[in-house]
Amino acid sequence: MDEPVKFYQTGTFTVGNRLLPKEQRTVQASRQRGNALNSGHRACQGCGEALGARYVVDAAMRAAAGQLIAANATGCLEVFSTPYPETSWQLPWVHSLFGNAAAVGTGIAAALKVKGRQDVRVIAQGGDGGTTDIGFGCLSGMFERNDDVLYVCYDNQGYMNTGVQRSSATPPGARTATTMAVGPEPGAPFGQGKNLPLIAMAHAIPYVATATVADLHDLEAKVERAMALHGARYLHVLVPCPLGWGAASHDTVRLARLAKESGLFPVFEAEHGEVTAVSKIRRRVPAAEYLRLQKRFAHLFGEPGHPEMLAAIQDSADRNVRRFALED
């Protein structure tokens with residue numbers, strides 16, 4: 001006799017349809033999930049962005065009852081999911097230029113408003129290059145006008161699709177193809193870059209949140225919260241890149257968890273410019289435990305190494321812990 005396929009998901013907490021009540025299961029543990037980003041795409045093994053996009057869009061599809069349109073910036077996500085003439089997307093999906101996904105999403109939302117289609121929602125998405133750099137002006141305009149779009153940044157901390165160049169989201173000390181390989185402070189410079197979640201908060205938009213692919217329940221809950229609101233909303237998701245970070249493909253979720261547990265990537269929610277909730281660190285780890293797993297930081301360790309740079313990175317983590325009250 002045929003039996004329905006059962007889906008099980010193991011992450012920070014074990015979840016599945018045998019272990020949790022139905023209302024507590026993730027979208028990914030449900031046979032009714034949308035599979036918005038279907039199999040057959042060409043992402044690298046262990047790609048955090050592929051995980052993040054599937055989790056986010058599936059959750060948004062459920063929240064919108066399947067009535068969702070996506071605008072997607074040029075970048076890894078677009079390239080590996082839509083090699084012409086194929087596509088892995090199972091929803092209305094528009095490929096924009098590298099820097100105007102927010103503007104395209106705004107246009108779609110405006111057209112739906114004119115047509116009186118309040119049931120159809122809009123999501124715009126891109127990587128950190130297309131969000132914090134090239135698309136920054138369009139995104140700020142979307143925030144300022146309070147357009148009814150959920151913008152999602154999948155942050156892999158560099159221009160990974162074009163050869164691992166530095167972006168304004170690349171952390172200090174990280175080696176890329178366009179940062180100093182040697183010298184007193186090799187890697188991305190300290191004192192530069194952008195903290196886009198905080199910039200989004202400065203626009204006082206209805207909702208801003210950060211999340212990682214290591215906590216599926218938290219990520220889906222934030223998507224659902226964002227979809228329950230109208231106006232401009234921003235979700236910043238950390239998605240480790242094995243290729244660009246020089247990390248093992250099986251360490252993607254582990255790295256995302258360590259980024260949060262070290263304090264280097266604070267996970268929080270904000271509404272109208274005020275922090276409303278933070279995800280507490282469960283077991284604080286030194287920043288070095290997170291950095292050692294990535295070859296882009298290999299120059300900080302060994303002999304002679306750069307202990308002063310490690311100390312500066314640890315100081316940054318400590319400031320985040322204090323600023324966001326990440327520890328009880």
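Colleague: Alanine 204 is found in the loop between helix H6 (196-202) and E7; what sign does the phi of alanine 204 have?

Modeller: Before I answer, please keep in mind that this is a predicted model, in which local features need a pLDDT of at least 70 and side-chain atom pairs count only at pLDDT 80 or more, while totals for chains, interfaces and linings use all residues. Residues are numbered from 1 along each chain as its sequence is written, and side-chain values use heavy atoms, with hydrogens and water left out. As for the general idea, most residues other than glycine have a negative phi, and most peptide bonds are trans. Alanine 204 is not a glycine, and yet its phi is positive, at about 60 degrees. Alanine 325, also not a glycine, has a positive phi of about 55 degrees, and its place is in the segment after H11. The names of helices (H or I, at least four residues) and strands (E, at least two) refer to DSSP runs numbered from the N terminus.

Colleague: Are these two alanines buried or exposed, or something in between?

Modeller: Buried means under 20% relative accessible area, exposed means over 50%, and partly exposed lies in between (1.4 Å probe, protein chains only). Alanine 204, at 40%, counts as partly exposed, and alanine 325 is partly exposed as well, with 38%.

Colleague: Which peptide bonds are cis in this model?

Modeller: One of them runs from tyrosine 84 to proline 85, with omega near 5 degrees, and proline 85 has its place in the loop between helix H2 (76-81) and E4. Another runs from glutamate 303 to proline 304, with omega near 0 degrees, and proline 304 is found in the loop between helix H10 (287-291) and H11.

Colleague: How should I read the sheet, and in what order do its strands lie?

Modeller: Two strands pair if DSSP finds at least two bridges between them. Here an open sheet of eight strands, with mixed pairing, has the order E4-E3-E5-E6-E8-E7-E9-E10. Strand E4 (93-95) and strand E10 (274-278) stand at the edges with a single partner strand each, so one side of each has no neighbour in the sheet. From one strand to the next, the twist averages 20 degrees.

Colleague: Which strands run parallel, and which antiparallel?

Modeller: Among the pairs, strand E5 (residues 121-127) and strand E6 (residues 150-155) are parallel and share five bridges; glutamine 125, for example, has valine 152 in E6 as its bridge partner. Helix H7 (residues 216-227) packs on the sheet, where it touches strand E3 (68-72), E5, E6, strand E7 (207-212), strand E8 (233-238) and E9, and its direction makes about 160 degrees with that of E7. Such angles run from 0 to 180 degrees between N-to-C directions, with axes fitted as lines to C-alpha atoms, for helices over the stretch in contact. E9 and E10, by contrast, run antiparallel and are joined by four bridges, and glutamate 271 has glutamate 274 in E10 as its bridge partner. Their hairpin has two residues between the strands, and histidine 272 takes a positive phi near 50 degrees there.

Colleague: How many aromatic pairs does a search of the whole structure find?

Modeller: Rings of Phe, Tyr and Trp (its six-membered ring) pair if their centres lie within 6.5 Å, and planes under 30 degrees apart count as stacked, over 60 as edge-to-face and the rest as tilted. The search finds six such pairs. Tryptophan 89 and tryptophan 93 are stacked, with 5.9 Å from centre to centre and 15 degrees between the planes; tryptophan 89 is buried at 6%, and tryptophan 93 is buried at 19%. Phenylalanine 268 and phenylalanine 324 have ring centres 4.8 Å apart and planes at 20 degrees, so this pair is stacked too. This pair links distant parts of the chain, 56 residues apart, with phenylalanine 268 in strand E9 (residues 268-271) and phenylalanine 324 in helix H11 (residues 307-324). Phenylalanine 268 is buried at 3%, and phenylalanine 324 is buried at 8%. Ring pairs also link Phe143, Tyr151 and Tyr234 into a cluster.

Colleague: What is the average pLDDT of the protein, and where is it below 50?

Modeller: The pLDDT is the predictor's confidence in each residue, from 0 to 100. The protein averages 93, and 94% of the residues score at least 70. Over residues 7-16 the pLDDT is below 50, and this stretch has 27 contacts in the model beyond near neighbours in sequence, where contact means heavy atoms within 4.5 Å.
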